[in-house]
Amino acid sequence: MDLTLTKKRSTPWAATHGVDGLLEQWRRDRRVWNNIVLDETLEGTGAKSVPIPETLDPRLRTALAARGIKSLYTHQALAFEQARSGKDLVVATPTASGKSLCYVLPVLQALATDREARALFLFPTKALSRDQEEALRALMKEAQLDHGAVTFDGDTPADARRAARERSGVILSNPDMLHAGVLPHHANWARFFSGLKYVVIDELHAYRGVFGSHLANVLRRLDRVARFHGARPQYLMASATIGNPREHAARMLGHEVELVSESGAPRGERRVLLYNPPVVNAELGIRQSYVKASARLTADLVKAGVPTLLFGQSRNTVEVMLKYLRDALVEARLSPELVQAYRAGYLPQQRRDIEARLRGGDVRCVVATSALELGIDVGALDAVVCAGWPGSVAALWQRFGRAGRRQGTSLSLLITSSAPVDQYVASTSKQLLGAPIEQARIDPDNVEVLVQHLKCAAFELPFEADEGFREVNASQVKEALEYLSSHDVVHAATLPGGKTTYHWSADAYPANDVSLRSLGWDNFVVVDLATDKTMAEMDWRSTHTMLHEQAIYQHDGKQYQVEKLDFENHKAFVRAVEPDYYTDAMTYTKVTVMSRAQQSMQPRCELGAGEVSVVERVVGYKKIKFHTHENVGYGDVRLPEMQMHTTSFWLTVPEDVLQRLIEDGAGTRPDLLDALRGVNAAMHTVAAVGLMIDPKDLGRCLGSRDGSSSRGEHLYEPTLFLYDQVPGGVGLASRLFDEREAVLRGTRSLLEGCACEQGCPSCVGPGAMNSLSPAGERVGERGSRKSLALTLLDALGVHAVS
């Protein structure tokens, strides 16, 4: 949340030597400074302010004055005037620019002048809505507005829910609750919907892909229900910097919106550093652990008294770094409680306690996943450390923006891993500051998503035969309803005047079967055997990799061993242990082509895109020793498969091409398959950079179009897959197919341009240099993985850009 809505707090460690002193210390330390590949200073900017508008209610003016706010930033004043004129708008200014006031002031102005006015605030997470509730209620109290503001989510008690429906002027919620807990019961919310004047959507940039496509359809349903109750709400949206804020907002609402993008907020000076850990194995291109480097440099910041936020890539990484940081603080005779973790899986009360301690200044550092990437108020921070590339330029600046929310020098530090995209960023670090911001993309008309929400809408209100669904025309809606009618989901009834209406006729409650985030609703709970109490929760997918039996589950810097996983009842039972290792799951993936939507027959290979089935199974786990990161053992895992239908781009290598290379002595079949895995890794890097997406959004696999495993000696039509990591896909496969020539040429250029000799994590990966083929021949002895990959690309007719 923005500091414009919070009171300033002092911190007891502010008088220590801080950012500037630590930077000077690092500069004298060759082990640190020799690995800094980017050191830039972004100059601060002054505030551009205008007087508070005369039209603002006097009570609000008094409340702002009591907080020391005697003027508005120019973007806040513009947003207020645009909203007052009745226009839908999106505010897209940097993090910490005071976006909250852009939508809070118009809403409170409406409440001040109309007792029956109502507003709905939507946030992507529960934590953010709770955080904003606290700030909003404080401002309303100071402005003597007694309308009330209540968070309505899964944690809200029953009596508070009734009060929210009947009396609250502002409801703060999330899309999931609106979808399943409010719209299906809109008759109980008649008073609220009849007075609904504003709908606020904060963190608009978070709604992309499948989640954003679902939200656009939820808003279609919201508009329909609001019209039924006689209201036409106005939309106020706020977004961090993305490449297409106006287009994204317009796609979300189905019509054009106004854009406010010129920030008038001041910004302190920011030092931006990129630390690329030193190479520890030149042959394989492996660098020092970025996790250990991140913990070490962050420990320096904490010991220097710098309020710091450390972002990790996963829950496991966060917990490992938390342990390393606390160990370092104990060694320095500082309290380990100065560092806290914040991630999904912690229970709501624990997360709120951490947030309060951060705001109160009792904590110097928080180690977090992307849960804190959004605008949750964690007080004044002077440094942000990103352990690994966060996946996009937009995500990087969103995280960096959490520091420097006050005047003075702040530090933004990116520590790259050995992963290909990380090394690409490190090698082009000078371009980072001017890199284009990625665009947010959604597809609300995706048939699978649209039909699901038409079912929900029919449950909420009957459809008339000539009724559209916002921008979806009536003929398309009727076609979908006829399809649902043929499956006895809706019933077509003819009224006396000959008019046809479609009524919900199935027994099921449709919203319960539609998950907006494409994840199962049923989380697993983690139960401590020592106390028989629930200590955490885990989503269905993560349970396979983190809560299998004998896994070391890490929570708040402590380790627990999973003794039993009750899959049927969604419970994991753990006991506290003190191991010297943690566990890392190993997965096996199989992709099968279901249908071809696009196809291109090349002289020496086939390129295609279409629907695929992805089956993923956790087959075992590794034991990784703390601090040294040695692999000290393995274990088996026996859990059900996870299956997903999505879309993929693929490249199929004809059998005769492989056979010719074998006959020419280029390598054995295992050699060539290993090289194909390297080509797949390089293609994945090029595709992620070219599409400007998080690499985790795109899966990769070497398989066969007929579903054969890539592990056998004989393989029919080996195929390289790059697939959407979300069910149904979000269009990445078709975009890759359209850019197929550029992807293949870029793959060749990446391999030729890499300075390694044998193959490294920056290009094809280290390869299977020491494994044996079934014939007893050492894989790779006829050529490195990299050289074989280039030979394969030659055979496929792929050449670099001339």
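**Group meeting: a walk through one predicted model**

Let me start with Leu736, which sits in helix H22, residues 732–738. Before going on, I should say that this is a predicted model. Leu736 has a relative accessibility of 1%, so Leu736 counts as buried. What does Leu736 touch, once its neighbours within four places in sequence are set aside? The contacts are Phe649, Ala687, Leu691, Leu698, Leu722 and Val743. There is also a distance to report: the C-alpha atom of Leu736 is 8.5 Å from that of Ala609, although 127 residues separate the two along the chain.

Next, Glu606. This residue belongs to strand E28, which covers residues 606–625. Is Glu606 buried or exposed? Its relative accessible area is 8%, and the cut-off for buried is under 20%, so Glu606 is buried. The side chain of Glu606 makes a polar contact with the side chain of Gln599, at 2.7 Å. Gln599 also appears among the residues that Glu606 touches beyond four places in sequence. The others in that list are Arg596, Ser600, Met601, Trp650, Leu651, Thr652 and Arg705.

Staying with E28 for a moment, the loop between E28 and strand E29, residues 631–636, holds His627. The phi angle of His627 is near 75 degrees, which is a positive value in a residue other than glycine. With 38% relative accessibility, His627 counts as partly exposed.

Asp488 also has a positive phi without being a glycine, here near 60 degrees. Asp488 is in the loop that connects helix H18, residues 474–486, with strand E20, residues 490–494. Its relative accessible area is 59%, so Asp488 is exposed.

Now to the strands around E9. Strand E9 spans residues 234–239, and six of its six residues are buried. Which residues lie on each face of E9? On one side there are Gln234, Leu236 and Ala238, and on the other Tyr235, Met237 and Ser239. Both faces are covered.

E9 pairs with strand E4, residues 89–92, through four bridges, and the two run parallel. Within this part of the model, Ala92 has Ser239 in E9 as its bridge partner. E9 also pairs with strand E8, residues 196–201, again in the parallel sense and over four bridges. Here Ile201 is partnered with Met237 in E9. The chain gets from E8 to E9 by way of helix H10, and this β-α-β crossover is right-handed.

In case the pairing is new to you: strands of a sheet pair through backbone hydrogen bonds, and they do so either parallel or antiparallel.

One residue of helix H10, residues 209–228, is His214. His214 has 3% relative accessibility and so counts as buried. Leaving out residues up to four places away in sequence, His214 touches Val449, Gln452, His453, Val514, Ser515 and Leu516.

Next comes a sheet of seven strands. What is the order of the strands in this open sheet? The order is E1-E11-E18-E17-E14-E16-E15, and the pairing is mixed. At the edges stand E1, residues 36–42, and E15, residues 339–342; each has a single partner strand, so one side of each is left without a neighbour in the sheet. On average, neighbouring strands of this sheet are turned by 15 degrees against each other, with direction ignored.

Inside the sheet, E17, residues 383–387, and E18, residues 410–415, run parallel and are joined by five bridges. As one example, Ala383 stands opposite Leu411 in E18. Helix H12, residues 290–303, lies across several strands: E11, E14, E16, E17 and E18. The helix runs at about 165 degrees to E18.

Last, the cysteines. A disulfide is a covalent bond between the sulfur atoms of two cysteines. How many disulfides does the structure hold? The number is zero. Two cysteines can be placed by their accessibility: Cys102 is buried, with a relative accessible area of 3%, and Cys754 is buried as well, at 15%.

That is the end of the walk. To recap a few points: Leu736 and Glu606 are buried, Asp488 is exposed, and the crossover from E8 through H10 to E9 is right-handed.

How values were computed:
Residues numbered from 1 in each chain as written. Predicted model: local features only at pLDDT ≥ 70, side-chain atom pairs only at ≥ 80, totals over all residues. Heavy atoms only, no water. Buried < 20%, exposed > 50% of the residue type's maximum accessible area, 1.4 Å probe, protein only. Contact = heavy atoms within 4.5 Å. Pairing = 2+ DSSP bridges. Right-handed = clockwise from strand over helix to strand, strands pointing away. Polar contact = N/O pair within 3.5 Å; in protein donor to acceptor, adjacent residues only side chain to side chain. Disulfide = S-S within 2.5 Å. Axes fitted to C-alpha atoms, helices over the stretch in contact; angles between N-to-C directions.
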